[in-house]
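This note is offered for a colleague who wishes to read the structure below with its core, its internal space and its charged pairs in view.

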Amino acid sequence: MQRQVYHSPVYHSQSIQAWEQRWFAQKNSSYGLMRQVAWIISQHLMVLFSARDIRRVAIFCGSGNNAGDGYLVGKYLNQAGFHVDIYAAEQGRSPELALARQEALEAGIQVYPHFDFQAEYDAYIDALFGIGLNRTLSQDWQQTIQSINAQAGLKIAIDLPSGLNANTGQALPVAFYADYTYTVLGLKAGLFTGQGKAYAGHVTCIAAIPSDSDLKPLAQLSSTAIHLPKRQASGHKGSYGHVLVIGGHADMGGAVMLAAEAAFAAGAGKVTVACDARHHTAILSRAPNIMLRDINGLDAAQRSALLNQVDAVCFGMGLGRDAWAEQQYQAWFAGIQQAKRETVLDADALWFLAQHPEHLNAKVYCTPHPGEAATLLNCKTQDIEADRIAAIYALQQKYQGQWVLKGSGSLTLDQQLYICSAGNPGMGTGGMGDVLAGMIASLKAQLHDNIQLHDIVTLHALAGDELAKHGQRGLQAQDMQQAIYTVVNL
């Protein structure tokens, strides 16, 4: 896979629009920018289409300036020898759009005043809506987009797949499925989180004007080029952190195993699991290097002593939600907060946090999936997915600490917001969250402030991509160990 070397800024659509207006206020031509953007996109497409032997192209234009880009891309592709047909909505009022449409007509391109296909095409270009769309599409527009999606050719989106919210990544309620998106001026958050990753395909930014001092990013796209520090020759197991994994209800032993094994695979020097003793034999048979404590045999003094011996805590996997689990949560949580160890709260620990809300210290890392986030915020899962960025800010405001909102385009919020661009749908399987929790505890135990939370989330996603090299279907969290070992040693 292509590795993104630097953090890339990601913007809110309103910031992009304001930036564009500041550019025009400096006496720069709006139509000149439209032509420049269309020219750059067409150059990309000529290379892509030539490599794929694409000759016949259909372009779908709406009634806004995004459509103007479409008309001009059509003109430039036509001049390069591609056969181009344009299907268009009623003509808009923008003078730039009228000029672009006239240029396409003068180039001899057939412009159909409807969206009924007159032929089959090798590629379909979406220029229906731009970044301003934030309303539910009408039934007619939904049917139009669905009919385009049903075609077999290569799909290209100009600026944003039509029907996708630029800021939340939610379809409204359907969107164009693009293989390639050429987004204009700056990256939009909705292309990388929520449903956006599924609709956007491969994203290229057409940065046609220089940024200015008033342009502020909403988030950063996490770098995938992560280099962990080299280990010293004099190091030993005590040099690389001791991780304590707490959980493992009598009926649920697998989650603590996965977290503990991930902690070792990510490089922890020592790992201890405190769980119900009936899981000890199974754990030792899988990983005899894991140390074990019977969670039911520890009194307050022993819990405190154990917390003081370790560098990081991973709490909640397989803990359960019954009376026993609540007793364990209450018994451990205050001590964890007081010890101020690097702490990951996951799974059932998050459920109990929602029942007993309190502020977390800065070394606590919470890793909910959307359902857990909904419980923490007392709302519905669809509310979380409707605006994942708003949700993660709400979580930190209510509980403090640092947060990961898992899912497609996982979000990480510490001092600022990061979006993870790595990972794949095959990772949507039981136990992957336990693996992430173990990796966070492990790498924080080893490196503390010398590694950021978003880097660990990205390493987890890269490990998932490593595991998926031969296919995404049927990935198992228990197989992540070798992939983690690979990515932490790149």
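The points below concern a predicted model.

1. The main core. The largest nonpolar core comprises 103 residues, and F49 and W332 have the most contacts inside it. Helix α2, spanning residues 30-51, gives the most to this core, contributing 10 residues.

2. The surroundings of F49. Leaving aside residues up to four places away in sequence, F49 touches I54, V57, L77, F82, A123, I125, L154 and I156. Apart from the largest core lies another core of 54 residues, which includes A255, I283, C420 and A461.

3. The internal cavity. The structure holds 1 cavity of 30 Å³ or more, and about 30 Å³ of space lies in the largest cavity. Its lining is formed by L258, E261, A262, V435, A477, Q478, M480, Q481 and I484. Helices α7 (254-265) and α17 (480-488) are the elements that give two or more residues to this lining. By character, the lining residues divide into 6 nonpolar, 2 polar and 1 charged.

4. A histidine in helix α16. H454 is placed in helix α16, residues 453-467. Because its relative accessibility is 3%, below the 20% cut-off, H454 counts as buried. Not counting residues up to four places away in sequence, H454 touches H7, S222, T412, D414 and Y418.

5. The salt bridges of R22. The structure holds 11 salt bridges. In one of them D212 pairs with R22, the closest N and O atoms being 2.7 Å apart. D212 lies in the loop between β9 (202-206) and β10 (219-221), and R22 lies in helix α1 (residues 13-25), so the pair ties together parts that are 190 residues apart in sequence. R22 also forms a salt bridge with D214, with the closest N and O atoms 4.0 Å apart. Since D214 lies in the loop between β9 and β10 and R22 in helix α1, this pair ties together parts that are 192 residues apart in sequence. R22, D212 and D214 are thus linked in a network of salt bridges. D212 counts as partly exposed at 24% relative accessibility, and R22 counts as partly exposed at 23%.

6. The pair K406 and D346. The side chains of K406 and D346 meet in a salt bridge, at 3.4 Å from N to O. K406 lies in the loop between β17 (400-405) and β18 (411-413), and D346 in the loop between β15 (342-345) and α11 (348-355), so the pair ties together parts that are 60 residues apart in sequence. K406 counts as buried at 14% relative accessibility, and D346 is buried with a relative accessible area of 2%.

Key
Residues are numbered from 1 along each chain as its sequence is written. This is a predicted model: local features need pLDDT of at least 70, side-chain atom pairs count only at pLDDT 80 or more; totals for chains, interfaces and linings use all residues. Side-chain values use heavy atoms; hydrogens and water are left out. A nonpolar core is a set of buried Ala, Val, Leu, Ile, Met, Phe, Trp, Tyr and Cys residues joined through side-chain atoms within 4.5 Å. Buried means under 20% relative accessible area, exposed over 50%, partly exposed in between (1.4 Å probe, protein chains only). Helices (H or I, at least four residues) and strands (E, at least two) are DSSP runs, numbered from the N terminus. Contact means heavy atoms within 4.5 Å. On a 1 Å grid over the protein atoms alone, a cavity is a set of points where a 1.4 Å probe fits but cannot get out, and a pocket is an open set with protein on both sides within 12 Å along at least five of seven lines; lining residues have an atom within 4 Å of a point. Grid points are joined across faces, edges and corners, and a volume is the space filled by probe spheres set on the points. Ala, Val, Leu, Ile, Met, Phe, Trp, Tyr, Cys and Pro count as nonpolar, Asp, Glu, Lys and Arg as charged, and the others, Gly among them, as polar.
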